[in-house]
Amino acid sequence: MFFVALFLTAADLPAFDRVAILQRCADEHGNNVDGQFGCLKEEMEDHHQFQLLWTHDRPENRAGYRQCLTRYWEEGEQPDWGMANFCAERATNPQTEASESGGAFNVQAAAAFCVQDGEERMVSPNDSKREINNAECLSDQAAGHRGFRLMRAKIGKEISGPDARALDYCYQNWIKDKAEEGGSDWNMANFCAHQQYSARVFLNELKPGQ
């Protein structure tokens, strides 16, 4: 762990090692090829999410991300990107996200959503079902808003067209439509956005000449 911490003070995040991740997924799912594919897809989305936070969030927030990454990264191994993200989400301060987003994240609206839905059965990263409390729900909503906000900012700077429309699809389904029903869900909007990202990666690989 100490070596990893030193490494992160001097360099950027480790690259996504698809070969190592595929081996990890094969070890975990055995002959279940669909399980292996789902595992790879989730790892890709989790890596992209963490890379987005590390690269595009405010530099002063990086210390917290570093702590989460080193906690779930053994020397010589690929990080557990899912748990690193889970750690980062739990450490998100809703008031801070409201401030850093210029008020775009509404703490009161998110709190109202969590009062309504905060006791629903949720799935934790290790696939065990459990209940979350309202404080955890509020952190999830703030983290979801932050991730979606950063991805939209990145796409606005680098890409336009299909990617922007894919994010609009997520926003329409989980924020605008849900607002009319009484509860926008930023956590799901962010999850949707990263699914759109991985889908584009896989589709591009299937195109002729790619």
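Cys114 and Cys137 form a disulfide (a pair of cysteine sulfur atoms within 2.5 Å), and their sulfur atoms are 2.2 Å apart. Cys114 lies in helix H7 (residues 107-117) and Cys137 in helix H8 (residues 134-158), so this disulfide ties together parts that are 23 residues apart in sequence. Helices (H or I, at least four residues) and strands (E, at least two) are DSSP runs, numbered from the N terminus. The link of Cys114 and Cys137 is left-handed, with -85° about the S-S bond.

The model is predicted: local features need pLDDT of at least 70, side-chain atom pairs count only at pLDDT 80 or more, and totals for chains, interfaces and linings use all residues. Residues are numbered from 1 along each chain as its sequence is written, and side-chain values use heavy atoms, with hydrogens and water left out.

Burial is considered next. Cys114 counts as buried because its relative accessibility is 1%, where buried means under 20% relative accessible area, exposed over 50%, and partly exposed in between (1.4 Å probe, protein chains only). Cys137, at 5% relative accessibility, likewise counts as buried.

A search of the whole structure finds 4 disulfides. With bonded cysteines counted along the chain, their pattern is 1-2, 3-4, 5-6, 7-8. Three of these links are set out below, with the S to S distance and the torsion about the S-S bond.

| Disulfide | S to S distance | S-S torsion |
|---|---|---|
| Cys25 and Cys39 | 2.0 Å | about -75° |
| Cys114 and Cys137 | 2.2 Å | -85° |
| Cys170 and Cys192 | 2.1 Å | about -75° |

Cys25 and Cys39 are joined by a disulfide with sulfur atoms 2.0 Å apart. This pair links distant parts of the chain, 14 residues apart: Cys25 belongs to helix H2 (residues 18-29) and Cys39 to helix H3 (residues 33-56). The torsion about the S-S bond of Cys25 and Cys39 is about -75°, so their disulfide is left-handed. Both Cys25 and Cys39 are buried.

Cys170 is joined to Cys192 by a disulfide, S to S 2.1 Å. Here too distant parts of the chain are linked, with Cys170 in helix H9 (residues 162-181) and Cys192 in helix H10 (residues 186-206), 22 residues apart. The disulfide of Cys170 and Cys192 is left-handed because the torsion about its S-S bond is about -75°. Cys170 counts as buried at 0% relative accessibility, and Cys192 is buried with a relative accessible area of 6%.
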